[in-house]
Amino acid sequence: MNLIINGKALEIAEDCRTVADLLSRPEWSGRLVIVERNGEIVNREHYGETSFCEGDRLELVHFVGGG
Amino acid sequence: MLDPFVIGGITLSSRLFIGTGKYSRNTLIPEVVASSGSQVITVALRRIDPESRDNIVSHIPPHMTLLPNTSGARTAEEAVRIARLARAAGLGNWVKIEVINDQKYLLPDNLETIRATEILAAEGFVVLPYMSPDLSAAIRMKEAGAAAVMPLGSPIGSNRGLRTKELLRILISEVELPVIVDAGIGRPSEAAEAMELGASAVLLNTAIATARDPLLMAEAFREAVSSGRKAYLAGLGPVEETAVASSPLTGFLK
């Protein structure tokens, strides 16, 4: 399936069906990730049941150093 | 022990808020927290870089109150979006509103900041707006539901000190909200001066993070903020035009 993640087109594996699946991948894991799907924030408690549709736009953000 | 500072429903014993930007290594952050005695710490929100393993939250001790900023926002709507994302992380409901359209001096846009304050306060956020020290804007922020106002001393990261001192003095005297001086403080003496003026707290990042020895500087700021607060509470003596003798004016042996 093709998704737009943080502005970049990415193809994800067939077995990656939910937000929780995606966040378990090494490139996104190990952080406190906040997810926006098509402009709507995904509640953290719903990561396991939130699936994707072709062309979904995801923003994966986290806290960084700042003043 | 300082008098407590109650804000956003919590009681703080420290009046020094610190940031997490610009450190040579993020492992310094817990040590700076300890040396500064700070209980409130700012962070920013950005897209994840898959190439970096950076995870700032893992360096922030759990007792700290997290103050996410909306840096990168150019409009009230963008600030609101960032604030909502930050709250979705599940680490509290405080937000430092930062709406900036000026890339040279990074001066805040007070009008957009007032609009964002109104929206976010209505949604239950503890809203701390970073602002240019303007009395009518500060009053509007209070009416919009801000928990404090955070006027700048001088441009962000400039270490130029309290260039806006007269305006800060007026805000402290006229706005019925805590005033937290944010941005520009470069020296402990400037933090002490802000506290002597009656600021409720100061927020600084660059002055500690870019010092040769950030831990010693954190300690210096802790003491300066404490001294400045005590001086404010003690009440500064009057300023006079001419000498006022401290010793008896009679001649010696008279």
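Q: In this predicted model, does A:Glu59 count as buried or exposed, and at what relative accessibility?
A: The cut-off to keep in mind is that buried means under 20% relative accessible area. A:Glu59 falls under that, so it counts as buried, with a relative accessibility of 17%.

Q: Which residue forms a salt bridge with A:Glu59?
A: Look across to the other chain: A:Glu59 sits in strand S5 of chain A and its partner in strand S4 of chain B, so the pair joins two chains. The closest N and O atoms are 2.8 Å apart. That partner is partly exposed, with a relative accessible area of 43%. The residue is B:Arg47.

Q: How many residues apart in sequence are the parts that B:Arg15 and B:Asp3 tie together?
A: These two side chains meet in a salt bridge, 3.0 Å from N to O. B:Arg15 lies in the loop between strands S2 and S3 of chain B, while B:Asp3 is in the segment before strand S1, so the tied parts are apart by 12 residues.

Q: Which residue is linked with B:Asp3 and B:Arg15 in a network of salt bridges?
A: B:Arg15 counts as buried at 3% relative accessibility, and B:Asp3 as partly exposed at 23%. The network also takes in B:Arg229.

Q: Are H1(B) and H8(B) roughly parallel or roughly antiparallel to each other?
A: Their axes come within 7 Å and cross at roughly 30°. Angles under 35 degrees count as roughly parallel. The two helices are therefore roughly parallel.

Note on methods: Residues are numbered from 1 along each chain as its sequence is written. Chains are lettered from A and ligands numbered from 1 in the order in which they are written. This is a predicted model: local features need pLDDT of at least 70, side-chain atom pairs count only at pLDDT 80 or more; totals for chains, interfaces and linings use all residues. Side-chain values use heavy atoms; hydrogens and water are left out. Axes are lines fitted to C-alpha atoms, for helices over the stretch in contact, and angles run from 0 to 180 degrees between N-to-C directions. Helices (H or I, at least four residues) and strands (E, at least two) are DSSP runs, numbered from the N terminus. Angles under 35 degrees count as roughly parallel, over 145 as roughly antiparallel, 65 to 115 as roughly perpendicular and the rest as oblique. A salt bridge is a side-chain nitrogen of Lys or Arg within 4 Å of a carboxyl oxygen of Asp or Glu. Buried means under 20% relative accessible area, exposed over 50%, partly exposed in between (1.4 Å probe, protein chains only).
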